[in-house]
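Good morning, colleagues. I should like to take a few minutes to go through one model. Please look at the screen while I describe how its elements are arranged.

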Amino acid sequence: MLSADLPESFDPDVIAREHLAVAADVPVSDFPRLADLLTSSKGVVRVTLKASMSADRRPATTIGLVAALEQSCQRCLQPVTVIIDHEHTVEWVADEAELARLDALDDESADPDREFMPMPVPPRVQTMVLVEDELILSLPIVPRHEVCALPEAAPDQAEDHPFAALAQLKSAKGLN
Ligand SMILES: [Zn+2]
């Protein structure tokens, strides 16, 4: 059973021993760095936090994020709803030296949904900072509609280029 509040901050080791599992609906407007990347700060993000010990006996914190966010489509520049359904596990390692050692061992089979982070000193993680970092990383690199409403704004050469649609709008208006 999940309780309804996120801790303001936590010690990864302590919550792992307690098997903490919490969930909360956090207003998008509570994440100012995220809101800067959106065209609307309405709505909520469903945040879950689950703590456990990894197979290697390291404290692990799994952050789950579910949200419908509104960004600007990079092809037609109209609002596009981006669905976030993301889960990511942080395994806390002793320090930067251990992190460097583990990263050196890392190979292509490494799980992309898991990452190592050095335990902060003192061992206190600000929940909202961690969650907001994770939210920003979960956004698409180039947000866009699967099918844009403006067919003339989607020629092949505009593909994958965030500024192509803008350039095209400018040239359509005779600004180039
Ligand atoms: Zn579009």
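I shall speak about the sheet, then the helices that pack on it, and finally the nonpolar cores.

Please bear in mind that this is a predicted model.

Let me begin with the sheet. Five strands form an open sheet, arranged in the order 2-3-4-5-6, and the pairing is mixed. Which strands stand at the edges? They are strand 2 and strand 6, the latter spanning 114-118; each has a single partner strand, so one side of each is left without a neighbour in the sheet. On average, and with direction ignored, neighbouring strands of this sheet are turned by 25° against each other.

I turn now to the individual pairings. Strand 2, residues 21-27, pairs with strand 3, residues 44-53, in the antiparallel sense, and seven bridges are found between them. Within this pairing, alanine 24 has valine 47 of strand 3 as its bridge partner, while proline 27 stands opposite valine 44.

On to the next pair. Strand 3 and strand 4, residues 59-72, run antiparallel and are joined by eight bridges. Here alanine 51 stands opposite threonine 61 in strand 4. These two strands form a hairpin with five residues between them, and in that hairpin arginine 57 takes a positive phi near 65°.

Next, the helices. Helix 3, residues 96-105, packs on the sheet and touches strand 5, which covers 79-93, as well as strand 6. The direction of helix 3 makes about 150° with that of strand 6. Helix 4, residues 127-138, lies across strand 3, strand 4 and strand 5, and runs at about 55° to strand 4.

That brings me to the nonpolar cores. How many residues make up the largest nonpolar core? There are twelve in all, among them Phe31, Leu38, Val47, Ile63, Leu69, Val131 and Leu135. Strand 3, strand 4 and helix 4 are the elements that give two or more residues to this core. Valine 47 therefore appears twice in this account: it belongs to the largest core, and it is the bridge partner of alanine 24.Leucine 38, another member of that core, touches Val28, Leu69, Glu70 and Gln71, not counting residues up to four places away in sequence.

There is also a second, separate core of five residues, including Phe10, Ala16, Ala51 and Ala60. Ala51 of this second core is the residue that stands opposite threonine 61.

Thank you for your attention.

Definitions and conventions: Residues are numbered from 1 along each chain as its sequence is written. This is a predicted model: local features need pLDDT of at least 70, side-chain atom pairs count only at pLDDT 80 or more; totals for chains, interfaces and linings use all residues. Two strands pair if DSSP finds at least two bridges between them. Helices (H or I, at least four residues) and strands (E, at least two) are DSSP runs, numbered from the N terminus. Axes are lines fitted to C-alpha atoms, for helices over the stretch in contact, and angles run from 0 to 180 degrees between N-to-C directions. Two residues are in contact if their C-beta atoms, placed from the backbone, lie within 7 Å. A nonpolar core is a set of buried Ala, Val, Leu, Ile, Met, Phe, Trp, Tyr and Cys residues joined through C-beta atoms within 7 Å. A residue is buried if 20 or more other C-beta atoms lie within 10 Å of its own, exposed if 12 or fewer, and partly exposed in between; C-beta atoms are placed from the backbone.
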